[in-house]
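Biologist: I should like to examine the terms applied to this model one at a time. Please set each value against its definition before drawing a conclusion.

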Amino acid sequence: MSTFLDFDLPKSLQKALDEMGFSTPTPIQIKSMPVILSGRDMMGIAQTGTGKTFAYLLPILKQWKFQNTHTPRVLILVPTRELVVQVAEEVVKLTKYMSVRTLGVYGGVNINTQKTAVYQGVDILVGTPGRVMDLALDNVIRFDEIQKLIIDEFDEMLNLGFRFQVTSVLTMLKTKRQNILFSATMTDEVDDMLDEYFDFPIEVSLAPSGTPLEQISQLGYKVPNFLTKINLLKELLHTDESMSRLLIFINNKKTADLVAASLEEDFPDQFGLIHSNKSQNYRLNTMASFQAGEIRGIVTTDVMARGLDISDITHVVNMEFPEVPEQYVHRIGRTGRADKTGTALSFVSPREEEIQIEAEILMEKEIQFLALPNIEIEEKILEFEKEKRKMKVLLKRPKKEGGEAFHDKKDKNKKVNLGGPGKRTPRKTESRNRGVEKKRDAKRKKK
């Protein structure tokens, strides 16, 4: 079995690793080390919880040499503020015995404070794409000395709508640099960005996208509606003592508020609440309380589904099944980390069964469903559940033959038909927009 001693790290870096209690590298760390040391661009495909942060930090810090400069030499982009804090803390721990200045920047806090910190000098800059772009546009951050760019959780960045900010930062950087990208899934958008901005990257893949971590037990309950789900959660929390450190995932902020308020009635001061409407300080304090064992769990949206390393989570509870199958894998990956076992519980209502089956097909593994315990079955349906039902009815409704206005609209629509629904593709980039315009012009000329 490999140890970090096989990496032949500098004594200062090895000492820091020893003090952190790490001795054995993970597979993604072993595979990434020679590629990053070679200086080639790299594309890493790896699940959450596999040690990606150290996979890029260790080879970078192994090659570290002091330079008399005040501008960043390494730029690390991550999708969320919590991840900025986490990654920056890891860099600080690893460089305890090295001369490396680290700074994390993100939105939601006073930008002037961060400007002052940048002016004091920084070697490794960790940030969200939006705040890094803002600081660069204000000429506070200069990219003249950037030698390595790391983009972590890249697919999640694109999901969160950061494509423009990421591409803006990429265009500001000098061309001669090493690019290191990590993503849990390989999508068409990720592929497009690689083609445009990376120089023949070497792919390092740990496991196929969607493969579940083997040490996670995946269990489920068929539940008729959301209020009954709340009753089920309370019953399990009252009766199952093993549910000691939980993450409870909800699909939106309003419903998360409802669950947190309901839990507060039965379990006062035992559960925190994190979503994008909460202030940065509140979110960080809640995470710190959870990490310290001061609270039993956190009710959250998918803002906590990716990247964050919170130790010893016993259970992940999907109060609602995520709308994208891959997101289910990211959620359950919060437990069963570092060779420990964990449990993922999913409460699936009839309207969620289709996406649950899609997730099982993606993972090539079925969720084991259990019988409902003796709980009160609520009859009331919440508003968001009603909306989904109405939408499905509308989608299934057969087309009616209309009158004159109906046919006029059909004829009008034919004028801008781009070749039928089967040939239409989402217009992702400006170049694609221009391509569509050319097709339209060509058709108009023919007419």
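Modeller: Two strands count as paired if DSSP finds at least two bridges between them. The model is a predicted one, and the first case to test is β2 with β4.

Biologist: What makes β2 and β4 a pair of strands?

Modeller: Four bridges join β2, residues 74-77, to β4, residues 124-127. The definition asks for at least two bridges, so the two strands are paired. They run parallel, and Leu77 of the pair stands opposite Gly127 in β4.

Biologist: In what order do the seven strands of the sheet that contains β2 lie, and why are β3 and β7 said to stand at its edges?

Modeller: The order is β3-β4-β2-β5-β6-β1-β7, in an open sheet with parallel pairing. β3 (102-105) and β7 (202-205) each have a single partner strand, so one side of each is left without a neighbour in the sheet. From one strand to the next, the twist averages 15°.

Biologist: How do you know that β9 and β12 are paired?

Modeller: Four bridges link β9 (residues 246-249) with β12 (residues 315-318). As at least two are required, this is a pair by definition, and its strands run parallel. Within it, Leu247 has Val316 of β12 as its bridge partner. The sheet concerned is open and parallel, with seven strands in the order β10-β11-β9-β12-β13-β8-β14. Its edges are β10 and β14 (368-370), each with a single partner strand and therefore one side without a neighbour in the sheet. The twist here averages 25° from one strand to the next.

Biologist: What makes it correct to say that the buried residues of α9 line one face?

Modeller: The buried residues of α9 (188-197) are Val190, Met193 and Leu194. Viewed down the helix axis, they fall within an arc of 100°, so they line one face of α9. They pack against β1 (42-45), α7 (154-159), α8 (163-172) and β6. The face turned away from this side carries the exposed residues Asp188, Asp195 and Glu196.

Biologist: Why is Asp8 called exposed or buried, and what is the corresponding case for Asp269?

Modeller: Exposed means over 50% relative accessible area. Asp8 has 58%, so Asp8 is exposed. Asp269 has 63% and is therefore exposed as well. Asp8 belongs to the segment before α1 (11-20), while Asp269 lies in the loop between α11 (253-266) and β10 (271-274).

Biologist: What is notable about the phi of Asp8 and of Asp269?

Modeller: Most residues other than glycine have a negative phi. Asp8 has a positive value, near 55°, and Asp269 has a positive phi of about 60° although it is not a glycine.

Biologist: Which residues have the most contacts inside the largest nonpolar core, and which element gives the most to it?

Modeller: That core has 37 residues, and those with the most contacts inside it are Tyr56, Leu58, Ile76 and Ile124. Among the elements that each supply at least two residues are α1, α2 (27-38), β2 and β4. The greatest contribution comes from α3, with seven residues. Apart from this core lies another, of 32 residues, including Met43, Val105, Leu158 and Leu181.

How values were computed:
Residues are numbered from 1 along each chain as its sequence is written. This is a predicted model: local features need pLDDT of at least 70, side-chain atom pairs count only at pLDDT 80 or more; totals for chains, interfaces and linings use all residues. Side-chain values use heavy atoms; hydrogens and water are left out. Axes are lines fitted to C-alpha atoms, for helices over the stretch in contact, and angles run from 0 to 180 degrees between N-to-C directions. Buried means under 20% relative accessible area, exposed over 50%, partly exposed in between (1.4 Å probe, protein chains only). The arc is that of the directions from the helix axis to the C-beta atoms. Contact means heavy atoms within 4.5 Å. A nonpolar core is a set of buried Ala, Val, Leu, Ile, Met, Phe, Trp, Tyr and Cys residues joined through side-chain atoms within 4.5 Å.
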